[in-house]
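Me: I'd like to learn how to read a fold from the model itself. Could you walk me through it, feature by feature?

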Amino acid sequence: MGKQALSCIFLALFCTMALRLDGVSSMSAAGLGYVVTAAVVLSAVPVSMVEHAEFAKAGKEPGLQIWRIEKFDLVPVPKNLYGDFFTGDSYLVLNTIKQRNGNLQYDLHFWLGDESSQDERGAAAIFTVQMDDYLHGKAVQHREVQGHESSTFLGYFKSGIKYKAGGVASGFKHVVPNEVTVQRLLQVKGRRTVRATEVPVTWESFNTGDCFILDLGSVLGPKPSLPPGAPDDTKTDTANRRLAKLYKVSNGAGNMAVSLVADENPFSQAALGTDDCFILDHGTDGKIFVWKGKSANSEEKKAALKTASEFIDKMGYPKHTQVQVLPESGETPLFKQFFKNWRDRDQTEGLGQAYVSGHVAKIEKVPFDAATLHSSKAMAAQHGMEDDGSGRKQIWRIEGSEKVPVDPSTYGQFYGGDSYIILYNYQHAGKQGQIIYTWQGADSTQDEIATSAFLTVQLDEELGGSPVQKRVVQGKEPPHLMSMFGGKPLIVYKGGTSREGGQTAPAETRLFQVRSSTSGATRAVELDPAASQLNSNDAFVLKTPSAAYLWVGQGASDAEKSGAQELLKILGVRPVQVAEGREPANFWAALGGKAPYRTSPRLKDKKMDAHPPRLFACSNKSGRFMIEEVPGDLTQDDLATDDVMLLDTWDQVFVWIGKDAQEEEKTEALKSAKRYIETDPASRDKRTPVTVVKQGFEPPTFSGWFLGWDDDYWAVDPLQRAMADVDV
């Protein structure tokens, strides 16, 4: 194919991309002139790679880069102006993150101002495709519309975004900030995502619900009566969180076809074929995702983009609906949450490492080391360990409407038919703290569960309201609770009760599964004695009337073997150790005969990659439960003292209660957390532990997720601190 033919292909391709990406119905002569010029430039290079001086500077090292579209060219924005956007312009924003394996990951956004021209919007879309091509298709592409930016985008500008009047293409003159003759009025909106918009310098721009910044305010004249303000931020109604559909875009039969794959999430990851493109429609929550299979042809990729745009129109979604374009193996956590048990494919290069969410990029994985746990909040948070579990503890069992002390010699042994309250005292970095665990057995009655919750609140009040409260459902015990019994496993007996005179006689044949946490603490859970319960990743103890066996799976850890040995001592039996694959006939006979069981290898711990921590503000003031995500790196000043916040670390959900939160919000906090878990698009395990934390009494498992946590932060009024920061 000759160079002229390549140029024609490029011209047709990028005219099409501009029309399809941004819904542009026509392009001006100047816009077409730009594309023709680009085609001529391309005549000396392959069609798949476009050369531009700015492309050569893009994504070379971690950090943020911003370009403005000026006369159909990319012009870099000075770093001191990052966060300022002219409403008459369009921009490209590239964020580069260095992954833990050393590879670079890219988030590429094209931002469209409300007053930007169709030509500029088309050019921004073209440059986005070109830059992604230059980055070898590894970028996650985002379309951003003024006033409706994604949380990923907003996270780059923690101090807020400023919308300035004017723009290159509009003919407006850009404001020069240090001009003494400037008359400028900024309307400031947003509680957690601050947006400052330049508005006309007139009383008609004012209202009583927002803040305003005025230069040379004497030009306004007498103040009239002002109208109320509009709501600050659009919040997410959780009723929409689970409403998603998956479509496939394919031309395998020669004709382009769009077909429904699944109309209810969570979806199966196997539904995503590498030869096709897919549309994940979550428009009810303001988002459309386009997934590009590695082997999909260019026609399918272009059709997928077009289909996403058509979806927005066909479904009646707002024009500002967010669009995210994802390459295979570069999926974001927001995309993965719609799939059941998402697994990243193991790769040694490219994008094999899971996508790292920008707002947790600064949280590095910390290996567990008990010797330094007391001084590392990050370690405490990532492994769920307030301390090493050696603190003082008291345990009560719920009987009727009372809590009855448990014999200390049986601490660590729980019955599925009971509910318990555990009071634990700990120290971390010289700080004293208390935790109240409420453990609820799977076979405990509703009355006992309700009583355990009531008595937990009562105990909290008796202790001055400072303890951290943790509700734990059988089978979801956190690592710290597992570590509290002197190296012995936390044992959960199947059903029954430990009440005096009410113990259930143990079965003749008993099977226990022993599994460890990342900290090395173990849990032993009694199961039905059947071969199908075995798992190659764990150790098992089988007790029969005539013998006992210690079965060691091929993937069992040393901690699990040790925990099984401790369990055997508690059961008072001497075992025969059995290696997986060398079981005697009597072993299988005791389990009712040989049967298939779980043999897949243990997955590497990628929780922080697949499920990074997320922070939300919650409200039900409107009569519906609403949540609003806080963007960017998690910092302590994100915690509003007059709110209830949810910190979701996947293994557990923290409810943080600010000291100035309304009483209704405090009483509804646990309901809010449960509602949040129930509406998770990934069909979250409803037994996920919920931990209640009060302002000023944060344990390290909570504070360790925040950058630069300061225990004395609340000693200074937030408003005074803010005023000091701006030197007022």
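**Strands, turns and a sheet**

Reply: Let's start with a pair of strands: β1 (residues 63-70) runs antiparallel to β2 (residues 73-76), and four bridges join them. Helices (H or I, at least four residues) and strands (E, at least two) are DSSP runs, numbered from the N terminus, and two strands pair if DSSP finds at least two bridges between them. Within this pair, Ile69 stands opposite Leu74 in β2. Before we go on, note that this is a predicted model: local features need pLDDT of at least 70, side-chain atom pairs count only at pLDDT 80 or more, and totals for chains, interfaces and linings use all residues. Residues are numbered from 1 along each chain as its sequence is written, and side-chain values use heavy atoms, with hydrogens and water left out.

Me: How many residues sit between β1 and β2 in the hairpin?

Reply: Two residues lie between them, and Lys71 in that turn has a positive phi of about 50°. Most residues other than glycine have a negative phi, and most peptide bonds are trans. Lys71 is not a glycine, yet its phi is positive. It is also exposed, with a relative accessible area of 73%. Buried means under 20% relative accessible area, exposed over 50%, partly exposed in between (1.4 Å probe, protein chains only).

Me: Which residue other than glycine has a positive phi near 75°?

Reply: That's Trp650, in the loop between β31 (644-648) and β32 (653-657). Trp650 counts as partly exposed, at 25% relative accessibility. As for peptide bonds, a cis one joins Asn265 and Pro266, with omega about 5°. Pro266 belongs to the loop between β13 (257-262) and β14 (277-282).

Me: Now a bigger sheet. In what order do the seven strands of the open sheet come?

Reply: Read across it, the order is β19-β23-β25-β24-β26-β27-β28, with mixed pairing. At the edges stand β19 (413-415) and β28 (576-579); each has a single partner strand, so one side of each is left without a neighbour in the sheet. Neighbouring strands are turned by 20° against each other on average, direction ignored. For such angles, axes are lines fitted to C-alpha atoms, for helices over the stretch in contact, and angles run from 0 to 180 degrees between N-to-C directions.

Me: What do β26 and β27 look like as a pair?

Reply: β26 (residues 539-543) and β27 (residues 548-552) are antiparallel partners with five bridges. Phe540 is the residue opposite Trp551 in β27.

Me: Which helix lies across the sheet?

Reply: Helix α10 (residues 558-571) does, lying across β19, β23 (490-493), β24 (510-516), β25 (522-527), β26, β27 and β28, at about 140° to β24.

**Side chains and contacts**

Me: Is Gln413 in β19 buried or exposed?

Reply: Buried, with a relative accessible area of 19%. Contact means heavy atoms within 4.5 Å. Leaving out residues up to four places away in sequence, Gln413 touches Tyr420, Ile491, Tyr493 and Ile570. With Tyr493 there is also a side-chain to side-chain polar contact of 2.8 Å. A polar contact is a pair of N or O atoms within 3.5 Å; within protein, one must be able to donate a hydrogen and the other to accept it, and residues adjacent in sequence count only if both atoms are side-chain atoms.

Me: Where is Lys494, and what does it touch?

Reply: Lys494 sits in the loop between β23 and β24. Beyond its neighbours within four places in sequence, Lys494 is in contact with Glu526, Leu527 and Asp528. Its side chain makes a polar contact of 3.4 Å with the side chain of Asp528. Lys494 is partly exposed, at 46% relative accessible area.

**A helix and the whole chain**

Me: How many residues of helix α3 are buried?

Reply: 15 of its 17, so α3 is largely enclosed by the rest of the structure. Helix α3 (residues 118-134) reaches 24 Å from its first C-alpha to its last, close to the 24 Å expected at 1.5 Å a residue; the expected span is 1.5 Å times one less than the number of residues. After α3 comes His136, with a positive phi near 65°.

Me: And what does the chain come to overall?

Reply: It has 16 helices and 33 strands, and 52% of its 728 residues count as buried.
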